[in-house]
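This report describes the fold, the surface and the side-chain contacts of one protein chain. Please keep the sequence and the 3D view at hand while reading.

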Amino acid sequence: RGGSSSEDETLTVLNAKYSNEAEEEPVEEAREVDTTVQKIVTSNFMGPKATPPGFLRRKLRKVPWHTFPDLLTYARCVAIPGLIVQYYCSTHPKKHIHSALIFAIASITDFLDGFLARRW
């Protein structure tokens, strides 16, 4: 490449300019994402920056709320034999509806369990 030194200097300046801009943008984006994550994380903590407790947690302070997701899981495990007995052994004409209700309640507790476990 038989270019002049002024062309090389221009290329060097342009490369420096564009490489600096490329480095600055992700840093600014990372700072924005970092502050957004910080806001989300601090809003769900149970420490000094926590949101105030809800109605039930204020009224029933002695209840160990952090074990509630586990209790819901245990209740679902206990409901499995009940569901099987209801579906296969019952002679009631609406046994399918009763079984569906048991399954629906178990599904709702599964959602609630997952939500509370992630929150606490």
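In which helix is phenylalanine 111 found? Phenylalanine 111 is found in helix H4. The model discussed here is a predicted one.

**Overall make-up**

The protein chain has four helices and zero strands, and its pattern along the sequence reads α-α-α-α. Of its 120 residues, 11% count as buried. Helix H2 covers residues 55-59, helix H3 covers 68-89, and helix H4 covers 95-119. The sections below deal mostly with contacts in and between helices H3 and H4.

**Salt bridges between H3 and H4**

The structure holds two salt bridges. In one of them, arginine 76 pairs with aspartate 110, with 3.5 Å between the closest N and O atoms. Arginine 76 belongs to helix H3 and aspartate 110 to helix H4, so this pair ties together parts of the chain that are 34 residues apart in sequence. Arginine 76 also meets aspartate 113 in a salt bridge, at 3.2 Å from N to O. This second pair again links distant parts of the chain, with aspartate 113 in helix H4 and arginine 76 in helix H3, 37 residues apart. Arg76, Asp110 and Asp113 are thus linked in a network of salt bridges.

Are aspartate 113 and arginine 76 buried or exposed? Both are buried. For arginine 76 the relative accessibility is 18%, and the residue counts as buried because this value is under the 20% cut-off. Aspartate 110, at 42% relative accessibility, counts as partly exposed.

**Nonpolar surface patch**

Phe68, Leu71, Tyr74, Phe111, Leu112 and Phe115 form a nonpolar patch on the surface, and their accessible area together is about 610 Å². Helix H3 and helix H4 are the elements that give two or more residues to this patch. One of the patch members, phenylalanine 111, counts as exposed because its relative accessibility of 57% is over the 50% cut-off. Phenylalanine 115, also in the patch, has 40% relative accessibility and counts as partly exposed.

**Aromatic pairs**

How many aromatic pairs does the structure hold? The structure holds two. In the pair of tyrosine 87 and tyrosine 88, the ring centres are 4.9 Å apart and the planes stand at 90°, so the arrangement is edge-to-face. In the pair of phenylalanine 111 and phenylalanine 115, the centres are 6.4 Å apart and the planes stand at 20°, so the rings are stacked. These two phenylalanines are four residues apart in helix H4, which means that about one helical turn separates them.

Tyrosine 87 has another contact: the charged end of lysine 95 sits over its ring, 5.9 Å from the ring centre. As for accessibility, tyrosine 87 counts as partly exposed at 35%, whereas tyrosine 88 is exposed at 61%.

**Cysteines**

How many disulfides are there? The count comes to zero. Cysteine 77 is partly exposed, with 47% relative accessible area, and cysteine 89 counts as exposed at 57%.

**Positions far apart in sequence**

Two C-alpha distances relate the start of helix H3 and the loop before it to helix H4. Threonine 67 has its place in the loop between helix H2 and H3, and is partly exposed with a relative accessible area of 26%. Arginine 118 has its place in helix H4 and is exposed, with a relative accessible area of 66%. The table gives the partner of each residue.

| Pair | Separation in sequence | C-alpha to C-alpha distance |
|---|---|---|
| Threonine 67 and leucine 116 | 49 residues | 9.7 Å |
| Arginine 118 and proline 69 | 49 residues | 9.6 Å |

**Summary of contacts**

Helices H3 and H4 both contribute to the nonpolar patch. Arginine 76 in helix H3 is bridged to aspartate 110 in helix H4, and to aspartate 113 in helix H4. The stacked pair of phenylalanine 111 and phenylalanine 115 lies in helix H4, and both of these residues are members of the patch.

Conventions: Residues are numbered from 1 along each chain as its sequence is written. This is a predicted model: local features need pLDDT of at least 70, side-chain atom pairs count only at pLDDT 80 or more; totals for chains, interfaces and linings use all residues. Side-chain values use heavy atoms; hydrogens and water are left out. Patches are made of residues with over 30% relative accessible area and no salt bridge: like charges are joined within 9 Å, nonpolar side chains (Val, Leu, Ile, Met, Phe, Trp, Tyr) within 5 Å. Accessible areas come from the Shrake-Rupley method with a 1.4 Å probe; for residues, only the protein chains shown count as cover. A salt bridge is a side-chain nitrogen of Lys or Arg within 4 Å of a carboxyl oxygen of Asp or Glu. Buried means under 20% relative accessible area, exposed over 50%, partly exposed in between (1.4 Å probe, protein chains only). Rings of Phe, Tyr and Trp (its six-membered ring) pair if their centres lie within 6.5 Å; planes under 30 degrees apart count as stacked, over 60 as edge-to-face and the rest as tilted. A charge sits over a ring if NZ of Lys or CZ of Arg is within 6 Å of the ring centre and within 35 degrees of the ring normal. A disulfide is a pair of cysteine sulfur atoms within 2.5 Å.
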